[in-house]
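Trainee: Could we go through this structure together, one question at a time?
Mentor: Happily! Here it is.

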Amino acid sequence: MGLLVEGQWQDKWYDTKSTGGHFKRSESQFRNWVTAEGEAGPTGEGGFPAESGRYHLYVSYACPWAHRALVMRAWKGLEKHIDVSVVHPLMLEHGWELREDFPGATGDPLYGLDKLYQLYLKADGKYTGRVTVPVLWDKQRETIVSNESADIIRMFNSAFDGVGARPGDYYPSDLREQIEAVNSPVYEKVNNGVYKAGFATGQQAYDEAVQALFGTLDELEERLGKSRYLVGNTLTEADLRLWTTLVRFDPVYVTHFKCDRRRIADYPNLSGLLRELYQLPGVAGSVDMDHIRNHYFRSHPTVNPHGIISIGPEQDLSAAHDRDRLGEREIRGV
Ligand SMILES: N[C@@H](CCC(=O)N[C@@H](CS)C(=O)NCC(=O)O)C(=O)O
């Protein structure tokens, strides 16, 4: 774990001293957008037109933010247009590494780099900041388009429609307000909430995070008892953004991050959504529990000093879900 300062790698753990024991995730810095014609997007610069084979995605199978991008890539049928490199599951003193010595880890077929920070330096030799996944890389301009998953899934959702993406709009304009309204607590209290609980270095910081987390899960459970998805019966990015945390919850967060008031298995509706999305085409193949469990249990020595991987729960994500009882699935534009 570390970061780049003016282009130099420094091995440092998250600073929670200056924030009273609270874990704060930093803002992503590369915020350009791939768009249909290369026009500028909501942030950053233009010049990144959608083209088959031009962009490359660096992910970790362990990381919930990278996982969003992988699933949206599958939903939109972008596998043949955007290739993927997968980092090694352990993130230690060199940060994410492009090693091949773990099943599923690909190394770096593009440049043969062995650390992800070297890719950041290729984009900006004086970069200061964290070296995170996912990274959307432009092979033509040899730079990072974006390292913000929330933006990357929106690019995948629509920018490639003219170059052969599968139909389906998971961020339809008339639902955006409702999607944002649910994304916000899901991000703060659930996706990031588990990290705030797990990386807290003070009792109060932990208590606040874990209470907000379970309060929000209780609300989401109730909401999913009334509608099939988070926004009515339409499958949207909001469901995907919640799902990448749900799939890691019982196997990791319950024990490793001390999120142990309830398991997802104790919530019938959240469990149903977890299984339903897992069973959608292309999704199960994006879930690599060995990467997930090895990453968390072995990459956080301050949380789990001996790196012992817990035995884990029995879980059958292929078991029937009962979400059909709430109405038919709607996907916009299909
Ligand atoms: N806002 C970013 C966050 C990505 C993120 O924090 N990824 C984690 C892995 S789950 C990471 O690479 N952390 C490395 C670090 O913080 O040094 C996004 O959603 O893309």
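Trainee: Which domains does the domain assignment of the chain give?
Mentor: Keep in mind that we are looking at a predicted model. The assignment puts residues 3–163 in domain 1. The other domain is written as two stretches, so to read its bounds you need both parts: domain 2 is 173–281 + 314–326.

Trainee: Which helix gives the largest share of the side of domain 1 that touches domain 2?
Mentor: Start with the contact, which takes 14 residues from domain 1 and 16 residues from domain 2. On the domain 1 side, helix H1 (64–75) and helix H3 (149–158) each supply at least two residues. The largest share, five residues, comes from H1.

Trainee: How many residues on that side of domain 1 are charged?
Mentor: Let's divide the side that touches domain 2 by class. Six of its residues are nonpolar and six are polar. The charged residues there number two.

Trainee: Which strands are the edge strands of the open sheet of three strands?
Mentor: The order in this sheet is E2-E1-E7, and the pairing is antiparallel. Strand E1 (residues 3–5) pairs with E7 over two bridges, and Leu-4 stands opposite Gly-129 in E7. An edge strand pairs on one side only, which here describes strand E2 (8–10) and strand E7 (129–130).

Trainee: And in the open sheet of four strands, which residue stands opposite Ser-85 in E4?
Mentor: This sheet has mixed pairing and the order E4-E3-E8-E9. Its edge strands are E4 (83–86) and E9 (143–146). Strand E3 (residues 55–59) runs parallel to E4, joined by four bridges. Opposite Ser-85 in E4 stands Tyr-58.

Trainee: At what angle to E9 does helix H2 run?
Mentor: First picture where helix H2 (residues 116–123) lies: across E3, strand E8 (135–138) and E9. Within the sheet, neighbouring strands are turned by 35° against each other on average, direction ignored. Helix H2 runs to E9 at about 95°.

Trainee: Is H7 roughly parallel or roughly perpendicular to H8?
Mentor: Two packed helices are described by the angle between their axes and the distance between the axes. Helix H7 (residues 237–256) and helix H8 (residues 268–278) pack at about 100°, with axes 10 Å apart. Angles of 65 to 115 degrees count as roughly perpendicular. Therefore H7 is, relative to H8, roughly perpendicular.

Trainee: How many nonpolar residues does the contact of H7 with H8 have?
Mentor: From H7 come Asp-239, Trp-243, Leu-246 and Val-247. They meet Leu-270, Leu-273, Leu-274, Leu-277 and Tyr-278 in H8. By class there are no polar residues and one charged residue, and the nonpolar ones number eight.

Methods
Residues numbered from 1 in each chain as written. Predicted model: local features only at pLDDT ≥ 70, side-chain atom pairs only at ≥ 80, totals over all residues. Pairing = 2+ DSSP bridges. Contact = placed C-beta atoms within 7 Å. Nonpolar A, V, L, I, M, F, W, Y, C, P; charged D, E, K, R; others polar. Axes fitted to C-alpha atoms, helices over the stretch in contact; angles between N-to-C directions. Parallel < 35°, antiparallel > 145°, perpendicular 65-115°, else oblique.
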